[in-house]
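Biologist: Could you walk me through this model before I set anything up with it?
Modeller: Gladly, let us look at it together.

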Amino acid sequence: MYLFFIIALLIIVSAVYSYINTRFLKLPGTIGIMALALAGSILTLIIDSIDPNVADYLTLLSKNINFSASVLNIMLGFLLFATAFNIDVRKLKKEMRPVFALSTIGVLISTAIFGSLLYLAIWITNFDVPFVYCLLFGALVSPTDPVAVSAIIKGSKLPSNTATIIQGESLFNDGIGLVLFVTISEIAQSATNDIDFGKAALLFAQEVFGGIALGAITGLLAHRLMRSVNDFRTIVLMSLALVMLDSVVATYLHLSVPLAVVTAGLLAGGRSINVDEKDHSHESLEKFWSLIDEILNAMLFVMIGLQMVNIPFVQNYWLPGLISIVLILIARWVSILLPLTFLRRSLNISFNSVNILTWAGLRGGISIALALSIPGTSPHRHFILSGTYFIVIFSIIGQGLTLNRVINMIYNKK
């Protein structure tokens, strides 16, 4: 009953915020919902300073949700599958070279640049943070968030090929980002600089290639099974079972859940399951997963906003937080420019596209979830968590609200 109460309260809050935004604020859906959730959290913190007893009731929802576990273990699989299922696979195939370069080499470059620049700039803020923790910070904010990216670019004026690149990159860069995060986290906790490259390579192969293989097998099988029936209820249940099966098996075998569900979604949704011209099962299934995507997105961004109640120490990290925003933009720009420079002759990628890809690379719930997974005993957890929160808020609200303006400004200069 208690779990049902928390879920019901979260849905009610999401519905209220969604209505207020749609009726009055009229901001892009996810941005407006998150802004309202942030405003609610700030109001709660103000009330807490005046009367803690009243604030206890207001913080009930945020303090009783395990954000990290909810996002990484439950919501992420469904959100990634919904995005992958509805993406245009033909367009994605045309842009696979830049997508692959940005989702692998780009993440490595961004992590190294962000960590190095942060370590050099850290003396300004009077914080003593070891280099390995700067790299750990870089590993969790370098991959773009597929949920945030998908939510924002739906209403943007991004060119078709650019939108496909940023969406495809965000779907695939979680594998290398998670492996980097886990590897650097183990090094940081063991307080040693000895890196076992063999172990890291094995972990990478197991997580990434194992996850892709699992998703490919289950995705192809699910597509054939869904195509063999014409009962839409059965088809929906099979698609839900596909996500849950991949999540459970990948977790048990220590494979990448994101890559497994993304691969399954691409293969299950890349070809029609309609058996004839009168059958519209595939179109209906796309609408079903689009609805799931919208609902879970609303709930996720409410949860992101509510997390400020659990991070009261964020006010102590204003300066490093602002510096982190600038550094992640620099790291993002360089990590796009370098890989695409080598592909420029074979691709129609302009310098303007690099700038747009930089501004459209958003961070969201996954970065916060990874930051929250850092052990509470870590002496630099608050520093990283606060900085991550600054980056995510600026990314979703600042970059999200101005993306179309930046696109117009860049192309009007051509």
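**Overall fold**

Modeller: The protein chain has 20 helices and 0 strands, where helices (H or I, at least four residues) and strands (E, at least two) are DSSP runs numbered from the N terminus. This is a predicted model, in which local features need pLDDT of at least 70 and side-chain atom pairs count only at pLDDT 80 or more, while totals for chains, interfaces and linings use all residues. Residues are numbered from 1 along each chain as its sequence is written, and side-chain values use heavy atoms, with hydrogens and water left out.

Biologist: What is the radius of gyration of the protein chain?
Modeller: The radius of gyration of the protein chain is 21 Å, close to the 22 Å from the globule rule for 414 residues, so the chain is as compact as a globular protein of that length. That radius is taken over C-alpha atoms, and the globule rule is 2.2 Å times the number of residues to the power 0.38. Along the principal axes, the C-alpha atoms fill a box of roughly 65 × 55 × 50 Å.

Biologist: And how many of the 414 residues count as buried, as a percentage?
Modeller: Of the 414 residues, 53% count as buried, with buried meaning under 20% relative accessible area, exposed over 50%, and partly exposed in between (1.4 Å probe, protein chains only). The chain exposes about 19300 Å², and carbon and sulfur atoms supply 66% of that area; accessible areas come from the Shrake-Rupley method with a 1.4 Å probe, and for residues only the protein chains shown count as cover.

Biologist: What about contacts in the protein chain between residues at least 6 apart in sequence?
Modeller: Among those contacts, 82% join residues at least 24 apart, contact here meaning heavy atoms within 4.5 Å.

Biologist: Switching to helix packing, at what angle do H8 and H17 pack?
Modeller: Helix H8 (residues 105-121) and helix H17 (residues 318-343) pack at an angle of about 145°, with their axes 8 Å apart. The axes are lines fitted to C-alpha atoms, for helices over the stretch in contact, and angles run from 0 to 180 degrees between N-to-C directions.

Biologist: Which residues make that contact, and how do they divide into nonpolar, polar and charged?
Modeller: On the H8 side they include Ile105, Ile109, Ile113, Phe114 and Leu117, and on the H17 side they include Leu327, Ile328, Ala331, Arg332 and Leu338. The residues of this contact divide into 15 nonpolar, 4 polar and 1 charged, where Ala, Val, Leu, Ile, Met, Phe, Trp, Tyr, Cys and Pro count as nonpolar, Asp, Glu, Lys and Arg as charged, and the others, Gly among them, as polar.

Biologist: OK, Phe67 next: buried or exposed?
Modeller: Phe67, which lies in helix H5 (residues 67-86), counts as buried because its relative accessibility is 2%. Leaving aside neighbours within four places in sequence, Phe67 is in contact with Leu300, Met303, Ile304, Gln307, Gly365, Ile368, Ala369 and Leu372. The C-alpha atoms of Phe67 and Ser373 are separated by 9.4 Å, although these residues are 306 apart along the chain.

Biologist: How many residues of H19 are buried?
Modeller: Helix H19 (residues 365-372) is mostly covered, with 7 of its 8 residues buried, and among them are Gly365, Ile368 and Ala369.

Biologist: Where is Ser386, and what is it in contact with?
Modeller: Ser386 lies in helix H20 (residues 381-412) and counts as buried at 0% relative accessibility. Apart from neighbours within four places in sequence, Ser386 is in contact with Ile311, Phe313, Val314 and Tyr317.

Biologist: Now the loops: what is phi for Lys26 and for His254?
Modeller: Phi of Lys26 is near 60°, a positive value in a residue other than glycine, and His254 has a positive phi of about 60° although it is not a glycine. Lys26 is in the loop between helix H1 (2-25) and helix H2 (29-50), and is exposed, with a relative accessible area of 62%. His254 is in the loop between helix H14 (232-252) and helix H15 (257-269), and counts as exposed at 52% relative accessibility.

Biologist: Which residues is His254 in contact with?
Modeller: Leaving aside neighbours within four places in sequence, His254 is in contact with Gln206 and Glu207.
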